[in-house]
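Here are a few notes to go with the structure you are about to open. Keep the 3D view beside you and find each residue as it comes up.

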Amino acid sequence: MHFLRGMLSGLFVWTCVSLSFYILGSIPVIKDSFFAQAFIVMIVISFYVFLAAQFYYKKGYQTNGMIVGIIIAGTALLLDIFITVPFVEIPNGRSYQSFFSSPVLWILVLITVFTVYFYWKKNVKIH
């Protein structure tokens, strides 16, 4: 496996999702509705993850898509632990527990893992 490339893909996805929430939080119509923001992010994350999977598999790697999806999601979760929660969530009055017990987070993780898996099934030829 090529962990560095998978972790770079995870960094890309985390950055895009973080920027999406930041931008959506600045739009007057939906800035006060976490569920509206989350719904939009649940849609666009598939695009981000698709691009991350393209980047990972560009070199011809054949690693199982479920494993790559877990690496990408795991990298994003680690970045959430060390950056998102302490620098965004806690200053806004939330906690690690509230962040990691949110069903939205785990739905986004599942979308990530299964998007990479389906990309792998459709686009990667196993020799």
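In which helix does V68 lie? Please keep in mind throughout that this is a predicted model.

1. The starting residue. V68 lies in helix 3. With a relative accessibility of 1%, V68 counts as buried, because the cut-off for buried is under 20%. Now look for P103, which is 35 residues away from V68 in sequence. From C-alpha to C-alpha, V68 and P103 are 22 Å apart in space.

2. Another residue of that helix. T75 also belongs to helix 3. T75 counts as buried too, at 11% relative accessibility. Its partner for a distance check is V113, which sits 38 residues from T75 along the chain. Between the C-alpha atoms of T75 and V113 the separation is 12 Å.

3. The largest nonpolar core. A helpful general point first: in soluble globular proteins, nonpolar side chains tend to be buried together. In this model, the largest nonpolar core has 24 residues, and V13, Y57 and V116 touch the most other members. Helix 1, helix 2, helix 3 and helix 5 each give two or more residues to this core. Which helix gives the most to it? That is helix 2, with 10 residues.

4. The largest pocket. Next, turn to the open space: the largest pocket holds about 800 Å³. Its lining is made of 31 residues, and the closest to the pocket centre are F21, F34, T84, E89 and F99. Five elements are worth colouring here, as each gives two or more residues to the lining: helix 1 (3–24), helix 2 (34–57), helix 3 (65–89), helix 4 (96–100) and helix 5 (103–123). Helix 3 gives the most to the lining of this pocket, with nine residues. Sorted by class, the lining has 18 nonpolar, eight polar and five charged residues.

5. A closer look at F34. This residue, among those closest to the pocket centre, lies in helix 2. Is F34 buried or partly exposed? At 40% relative accessibility, F34 counts as partly exposed, because that class runs between 20% and 50%. For a distance check, try G65, which is 31 residues from F34 along the chain. The C-alpha atoms of F34 and G65 are separated by 30 Å.

6. The salt bridge. How many salt bridges does the structure hold? There is one, and it joins R94 to E89. The closest N and O atoms of this pair are 2.5 Å apart, so the pair meets the 4 Å cut-off for a salt bridge. The two partners fall into separate accessibility classes: E89 is buried, with a relative accessible area of 12%, whereas R94 counts as partly exposed at 38%. You have met E89 already, as one of the residues closest to the centre of the largest pocket.

7. A residue in a loop. Where is T63? Look in the loop between helix 2 and helix 3. At 13% relative accessibility, T63 counts as buried. The side chain of T63 is joined to that of Y56 by a polar contact of 3.0 Å.

Note on methods:
Residues are numbered from 1 along each chain as its sequence is written. This is a predicted model: local features need pLDDT of at least 70, side-chain atom pairs count only at pLDDT 80 or more; totals for chains, interfaces and linings use all residues. Side-chain values use heavy atoms; hydrogens and water are left out. On a 1 Å grid over the protein atoms alone, a cavity is a set of points where a 1.4 Å probe fits but cannot get out, and a pocket is an open set with protein on both sides within 12 Å along at least five of seven lines; lining residues have an atom within 4 Å of a point. Grid points are joined across faces, edges and corners, and a volume is the space filled by probe spheres set on the points. Helices (H or I, at least four residues) and strands (E, at least two) are DSSP runs, numbered from the N terminus. Ala, Val, Leu, Ile, Met, Phe, Trp, Tyr, Cys and Pro count as nonpolar, Asp, Glu, Lys and Arg as charged, and the others, Gly among them, as polar. A salt bridge is a side-chain nitrogen of Lys or Arg within 4 Å of a carboxyl oxygen of Asp or Glu. Buried means under 20% relative accessible area, exposed over 50%, partly exposed in between (1.4 Å probe, protein chains only). A polar contact is a pair of N or O atoms within 3.5 Å; within protein, one must be able to donate a hydrogen and the other to accept it, and residues adjacent in sequence count only if both atoms are side-chain atoms. A nonpolar core is a set of buried Ala, Val, Leu, Ile, Met, Phe, Trp, Tyr and Cys residues joined through side-chain atoms within 4.5 Å.
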